[in-house]
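Thanks for coming, everyone. I'd like to walk you through one chain today. Please pull it up on your screens.

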Amino acid sequence: FAKVLATQGFLYAKMEEGDKAITNFKRSTTIYISCQGAVNYEDYMKSLDTMISIYMQREETGIAKMVLQDKLATGLQFKGERSSVVATTYKELGIMSFQDENYEEALGHFSQSVDVGTYVYKSDDIEFLNCLRYYAVTSDILGKYDDALNAYQQILDLVENREKLPIHNAMGFICNATDRHDEALSHFNEALKLQSAQGPDIDEDSTTDRSTLMNHLGNVYASKDKLVDALYCYDLVIDSVESSKTAQEERLTAINNKTTVLCNNKKYLDAKICVKE
């Protein structure tokens with residue numbers, strides 16, 4: 001009977017009749033739970049996933065998170081702690097907490113997803129890499145820069161060259177923000193090499209566009225008080241003939257950066273000329 005109710009729930013979900021679907025899923029999961037050891041694991045988990053999807057569509061994230069906690073408990077009970085469903089569910093809980101800007105809680109979930117994922121995924125599995133990415137990004141937001149860099153380094157060691165560019169970019173940002181300027185230069189220069197090898201970006205909004213990377217490189221040189229090198233990088237962006245949206249935005253950024261650096265070095269006449277540009 002529980003299976004029949006669940007099947008009806010899936011049909012209602014396909015028909016976008018969320019209330020009826022939720023009612024059937026609640027009834028079916030209640031019966032499954034009362035069966036104790038006789039639970040149809042696959043149907044039960046599929047019911048929970050569909051309920052989560054419906055609640056997320058309704059933006060009822062609090063209820064969705066409660067159902068996700070039930071999914072985690074069920075995964076632990078039937079598959080054990082070292083299972084892919086547990087690693088994935090920890091990651092999904094982390095994403096929900098991240099979206100709620102509860103970064104400490106999110107980091108805890110992502111950390112658990114990485115710990116479990118170490119045992120259940122191959123090192124280069126996309127799911128494991130995603131767990132590491134979420135952990136790195138959240139650590140960065142919370143100012144846990146060493147943890148973020150360690151996670152990014154793990155990713156660098158596992159992915160192919162075409163996937164390394166945004167990782168070097170992220171690591172360069174962190175290194176520059178934490179006064180590790182030589183390391184920042186290394187990462188941004190490596191990102192530029194990879195960008196050149198890959199050719200022009202198809203995505204105009206790419207955060208690894210050549211103009212964007214040159215601005216980052218100029219900022220690092222400015223932090224190291226290497227005025228000539230910083231201005232050279234900014235001028236390359238300003239004089240670029242690229243016409244993409246990103247290139248135009250980066251050209252304005254480069255002008256602002258150049259003006260700031262010139263003013264900081266008391267070259268006010270040059271700064272005035274730059275502003276006119």
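How many helices and how many strands are there in the chain? There are 14 helices and zero strands. Both are DSSP runs numbered from the N terminus, with at least four residues (H or I) for a helix and at least two (E) for a strand.

Some ground rules. This is a predicted model, where local features need pLDDT of at least 70 and side-chain atom pairs count only at pLDDT 80 or more, while totals for chains, interfaces and linings use all residues. Residues are numbered from 1 along each chain as its sequence is written, and side-chain values use heavy atoms, with hydrogens and water left out.

Now the overall picture. The chain has 277 residues, and 44% of them count as buried. Buried means under 20% relative accessible area, exposed means over 50%, and partly exposed is in between, with a 1.4 Å probe and protein chains only. Next, contacts, meaning heavy atoms within 4.5 Å. Take those between residues at least 6 apart in sequence: 52% join residues at least 24 apart.

Let's go inside. The largest nonpolar core has 64 residues. Such a core is a set of buried Ala, Val, Leu, Ile, Met, Phe, Trp, Tyr and Cys residues joined through side-chain atoms within 4.5 Å. Tyr-152, Ile-155 and Leu-217 have the most contacts inside it. Domain 1 (1-79) and domain 2 (160-197 + 207-276) both give residues to this core, so it lies between them. Those bounds come from an automatic or database domain assignment. Look at Leu-217. Setting aside residues up to four places away in sequence, Leu-217 touches Leu-185, Phe-188, Asn-189, Leu-192 and Cys-233.

Next stop, helix H5, residues 84-99. The expected span of a helix is 1.5 Å times one less than its number of residues. For the 16 residues of H5 that gives 22 Å, and the end C-alpha atoms are 23 Å apart, which agrees. Many names here, so just a few: the buried residues of H5 include Val-85, Tyr-90, Lys-91 and Met-96. What covers them? The cover for the buried residues of H5 includes helix H3 (41-57), helix H4 (61-79), helix H6 (103-120) and helix H7 (126-141).

Stay with H7 for a moment. Tyr-134 lies in that helix. Tyr-134 is partly exposed, at 33% relative accessible area. Beyond its neighbours within four places in sequence, Tyr-134 is in contact with Lys-91, Ile-95 and Phe-110. Tyr-134 and Lys-91 are 43 residues apart in sequence, yet 8.1 Å apart in space, C-alpha to C-alpha.

A word on annotation. The unreviewed UniProt entry carries "repeat: TPR" over residues 87-120. UniProt positions are given here in our numbering, feature names are shortened, and annotations may be inferred rather than shown by experiment. In the model, that span is 91% helix and 0% strand, and its end C-alpha atoms lie 8 Å apart.

Now two loops. Most residues other than glycine have a negative phi. Glu-101 is not a glycine, but has a positive phi of about 65°. Glu-101 is found in the loop between H5 and H6, and counts as exposed at 58% relative accessibility. Asp-225 also has a positive phi, near 60°. Asp-225 is found in the loop between helix H11 (210-223) and helix H12 (227-238). At 70% relative accessibility, Asp-225 counts as exposed.

Last one: His-168, in helix H9 (residues 165-177). Is His-168 buried or exposed? His-168 is buried, because its relative accessible area is 10%.
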